[in-house]
Amino acid sequence: MPIKCNLCEAGAILKRPKTGDALCKNCFYFAFEEEVHKTITDANLFVRGETVAIGASGGKDSTVLAYVLKALNQRYDYGVNLVLLSVDEGITGYRDDSLETVKRNQQQYDLPLKIVSYEELYGWTMDAIVKQIGLKNNCTFCGVFRRQALDRGAILMKVDRIVTGHNADDIAETVIMNVLRGDIGRLQRCTAITTGTEGALPRSKPFKYTYEKEIVMYAYFKKLDYFSTECIYSPNAYRGFARAYIKDLEKIRPSAIIDIIHSGESLSVKKAVKLPTQGTCERCGYISSNPLCKACILLEGLNRGLPRLGIGKSHKERRKLNEMLAQKEEAGNEKTTPDNSRETTENASSEKSASGSSKQKCENCSCGQKCLAEKVEDLQLDRRKIDPALIDF
Amino acid sequence: AIGKSKLIRDGESVLVGVSGGQASSCLLHLIQEGLSGRAHKKLRFKPGLVFIDEGATIGMSAEERLANCTQVLEIMEKTGFPCYLKALEQAMELEKEAFTNTADQTDTASVTSVENLTKLHRYDKAEEELLALMDSLKSVSAKEDLIKSLRQKILIDLALKKGYSKVMLGDCSTRLAVQLLTDIAQGRGAHVAMDTAFADNRCNDITIVRPIRDFSSKEVAMFNILNNVPSVFIPRITTKAADSVSIEHLTERFVTGLQAEYPSTTSNIMRTGEKLHTEKKSSSENQCAICQAPLDTDVPPSSALSAVRFSETVSRCSSVTLSIFSTDTACCGGGTCQSEGQKESECCGQGDGSCQSKESKLTRDEVESALCYACRLLIKDLGDVSKLPKHILDDISQRQRRTKMKSEIEDFLLDPSNTPD
């Protein structure tokens with residue numbers, strides 16, 4: 001006996017992963033779109049007359065996002081201008097294919113498109129970065145750089161708000177990952193539907209309550225075209241553990257994903273806990289909780305041949321730095337005392353000699369030795385270990 | 001940890017929950033050591049021990065349960081403290097008021113000798129009720145959750161009746177880390193802080209304390225071996241079960257697996273838990289009826305809870321009724337609702353006002369309104385709401401009546417925060 005759709009009398013062709021109800025195709029479209037619409041209106045995501053950039057990667061989330069937002073914008077008249085914004089990280093075999101998909105999307109939906117690339121913004125592609133740093137912490141670089149890249153591209157297009165295709169599964173993974181990493185600051189912020197309102201462009205996630213499976217189902221039935229491979233560098237990411245856990249949870253209890261989001265929303269932090277305050281980066285003016293923003297630190301590390309500068313424990317880095325200096329001491333004639341390396345000023349002066357001997361110059365500003373000393377000082381002052389958990393993009 | 005928190009005063013009576021397992025045996029040993037004169041820093045409270053027999057949940061035969069209880073009692077009696085023995089089915093028939101039921105006093109008197117164990121058979125009716133309740137819960141996760149809540153209720157009830165002001169539990173850090181993640185996965189994010197903190201004050205009079213929360217399970221096991229601390233292994237509902245049979249079991253496997261590769265996992269999780277806190281609501285009406293935690297369902301429109309409600313409505317009711325949807329109703333309320341879960345009212349069918357039956361049965365919606373998010377999920381699994389223990393249903397009925405009373409006199413109530421003097 002064929003199962004009937006819950007809403008209308010037609011035969012059901014699918015079962016919703018979110019609620020387990022049987023629906024026919026059109027009712028599913030209706031339910032899906034209505035839910036997204038409700039998310040948007042409840043949170044007042046859009047203001048009439050805004051220009052909104054859709055972070056388009058060519059994957060399923062952003063393709064469906066572009067489609068649905070365009071449809072809802074017409075149906076409910078939000079009055080926003082939609083544009084597509086895409087980031088080229090320089091990963092061969094993955095990103096160049098997905099960019100083709102984005103270009104096709106642009107033609108299909110008739111929306112203006114801008115592509116920004118790591119190469120032109122930072123001078124490094126992800127392939128080159130991975131060659132330097134290996135496969136374990138590369139996601140940090142990609143995530144931090146991408147966040148800035150999106151913001152810079154959006155400013156170029158004079159956009160008021162960025163929307164990304166993060167779905168419920170992503171946010172649940174993020175909550176779990178932040179608990180595992182002990183990152184209280186991010187834990188508080190990650191379940192907010194709109195982040196980054198002070199100083200930087202606000203980013204919203206209209207798909208916050210939509211399951212990944214439903215997005216795939218929607219794209220499948222509507223025959224939307226998207227690029228469906230995983231990033232080739234992702235298997236070793238820490239996020240993979242959280243993802244595997246969530247997939248298993250979903251099998252036991254399908255509503256677990258929304259439950260985790262609810263938990264995340266209900267968490268409240270003790271007032272005595274110190275949270276990182278937000279300021280601006282001294283070098284590039286971007287928003288940052290340290291004197292130098294993470295992107296600048298990472299970039300410096302790459303340029304100096306110390307790729308792990310922004311990652312991991314700072315005292316280990318200092319130790320490596322001291323070893324490097326000790327070796328240079330044997331080679332050169334400089335008088336540096338490794339024992340006093342804990343003093344800030346000593347390190348600064350030894351740094352000066354090191355940078356002098358290696359004849360490197362800053363990429364972004366031409367102050368040469370001074371900013372490096374500044375950075376090492378910052379690292380020493382940086383007691384709190386801000387783990388490479390990339391969430392905020 | 002006990003000394004640091006200064007929570008336990010000299011001479012206070014503390015009830016210690018012993019499950020017979022490694023961690024609680026370790027706690028027992030430590031308490032003994034601490035109370036004896038040799039200790040460096042003497043502990044000064046008066047402990048009482050209680051063991052809750054949960055054999056009914058896994059269908060253990062009476063002889064097996066007797067054997068387990070005997071073993072645990074032997075260990076407990078060696079300490080010389082007053083011991084109590086309770087069975088999980090007693091949770092079905094707890095009475096709220098402490099001064100009624102003098103008949104109950106004999107049940108909870110100190111069990112000083114092993115012969116008193118024949119009392120286990122007396123709870124047959126309650127046992128049947130418990131089994132019926134367990135059976136009507138479809139998923140193992142829900143069962144575990146309910147067992148945990150019932151266990152806590154028994155402990156608190158016993159503590160209230162016997163005049164203990166604190167309850168001590170033997171939870172080590174590994175167990176608490178797993179508990180934290182399980183809580184998050186079930187939607188109990190708001191209660192995470194209470195469940196894993198040193199002091200848990202969800203009930204107004206009784207504080208739950210967890211002294212060995214800083215030790216991992218490996219350390220506890222090592223301690224037990226080195227000090228020859230005896231412990232009894234009693235199987236639980238998920239022992240030797242497949243990996244993904246319940247949320248807690250899956251989480252346990254996940255955390256221990258991660259711990260093997262990244263040794264700082266449990267301490268990270270515990271540290272995160274320490275930084276969180278739970279807001280305590282003042283009146284008892286804002287507590288969940290099952291788990292006694294503050295209700296977390298008072299949410300703004302843009303939230304997971306309202307998204308879930310909306311999804312259910314959108315998927316189940318016809319699009320016509322969608323236009324009258326408001327965020328207050330759990331369901332559209334219309335007669336066109338076709339979902340199975342919503343039609344489960346045990347009412348005689350005449351509606352609340354003209355109900356003629358003596359026992360007024362609660363509808364599912366009413367029960368849900370008195371529960372926190374995660375306990376609502378539990379109820380979703382339950383086929384028949386009236387199978388819940390009677391005292392919970394009574395509590396909810398009472399709340400319903402009070403809400404009605406309040407709505408009648410609402411216009412005349414002064415809000416204390418509005419009046420300046």
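What follows is a walk through a predicted model of two protein chains, A and B.

Let's start where the chains meet. Chain B puts 57 residues into the contact, and chain A puts in 46 residues. Interface size is often quoted as the accessible area lost when the parts come together. Here chain B and chain A bury about 4500 Å² between them, with 65% of it on carbon and sulfur atoms. For charge pairing, the count across this boundary is one salt bridge. The partners are B:Arg253 and A:Asp248, whose closest N and O atoms sit 3.7 Å apart. Add to that picture seven residue pairs in polar contact between chain B and chain A, counted where both residues are at pLDDT 80 or more.

Which elements build chain B's face of this interface? Those that give two or more residues to it are α6 (140-162), α7 (173-186), α10 (247-261), α11 (265-274), α12 (304-316) and α14 (373-381) of chain B. The largest share comes from α12(B), with 11 residues. Sorted by class, the side of chain B that touches chain A has 27 nonpolar, 21 polar and nine charged residues.

One of those elements, α11(B), deserves a closer look. Seven of its 10 residues are buried, so α11(B) is largely enclosed by the rest of the structure. The buried ones are B:Thr265, B:Thr266, B:Asn268, B:Ile269, B:Met270, B:Thr272 and B:Gly273. What covers them? The cover includes elements of both chains: α7 (168-181) and α8 (184-189) from chain A, along with α7, α8 (192-196) and α10 from chain B.

Now step inside chain B, which is divided into domain 1 (13-278) and domain 2 (304-325 + 361-411). Their contact takes 19 residues from domain 1 of chain B and 18 residues from domain 2 of chain B. Together the two domains bury about 1500 Å², 63% of it on carbon and sulfur atoms. The salt-bridge count between these domains is zero, and so is the count of residue pairs in polar contact with both at pLDDT 80 or more. On the domain 1 side, the elements giving two or more residues to the boundary are α5 (124-136) and α6 of chain B. Of these, α6(B) gives the most, with five residues. By class, that side of domain 1 has nine nonpolar, five polar and five charged residues.

Helix α6 of chain B also holds B:Ser149. Is this residue buried or exposed? B:Ser149 is buried, at a relative accessible area of 8%. Leaving aside residues up to four places away in sequence, B:Ser149 touches B:Ile290 and B:Cys291.

Next, the salt bridges. Side chains of opposite charge can pair when their charged atoms come close. Over all chains, the structure holds 20 salt bridges, and three in chain A are worth following. In one of them, A:Glu212 meets A:Lys60 at 3.2 Å, N to O. A:Glu212 sits in helix α9 (residues 212-222) of chain A and A:Lys60 in helix α2 (residues 60-76) of chain A, so the pair ties together parts that lie 152 residues apart in sequence. A:Glu212 is buried, with a relative accessible area of 18%, and A:Lys60 is buried too, at 17%. A:Lys60 and A:Glu212 also belong to a network of salt bridges with A:Asp61, A:Asp169 and A:Lys247.

Another bridge joins A:Glu173 and A:Arg243 at 2.9 Å, N to O. With A:Glu173 in helix α7 of chain A and A:Arg243 in helix α10 (residues 239-252) of chain A, this pair links parts 70 residues apart in sequence. A:Glu173 is buried, with a relative accessible area of 1%, whereas A:Arg243 counts as partly exposed at 30%.

Helix α10 of chain A turns up again through A:Glu250, which links to A:Lys213 in helix α9 of chain A, 37 residues apart. Their salt bridge spans 3.7 Å, N to O. A:Glu250 is buried at 8%, while A:Lys213 is partly exposed at 46%.

Finally, a couple of loops in chain A. A:Asn44, between α1 (25-42) and β3 (51-55), has a positive phi near 50 degrees in a residue other than glycine. A:Asn44 is exposed, with a relative accessible area of 59%. A:Asp110, in the loop between α3 (95-109) and β5 (113-117), likewise has a positive phi, near 60 degrees. At 65% relative accessibility, A:Asp110 also counts as exposed.

How values were computed:
Residues numbered from 1 in each chain as written. Chains lettered and ligands numbered in written order. Heavy atoms only, no water. Contact = heavy atoms within 4.5 Å. Buried area = accessible area lost by both parts, 1.4 Å probe. Salt bridge = Lys/Arg side-chain N within 4 Å of Asp/Glu carboxyl O. Polar contact = N/O pair within 3.5 Å; in protein donor to acceptor, adjacent residues only side chain to side chain. Helix = DSSP H or I, 4+ residues; strand = E, 2+ residues; numbered from the N terminus. Nonpolar A, V, L, I, M, F, W, Y, C, P; charged D, E, K, R; others polar. Buried < 20%, exposed > 50% of the residue type's maximum accessible area, 1.4 Å probe, protein only. Domains from an automatic or database assignment.
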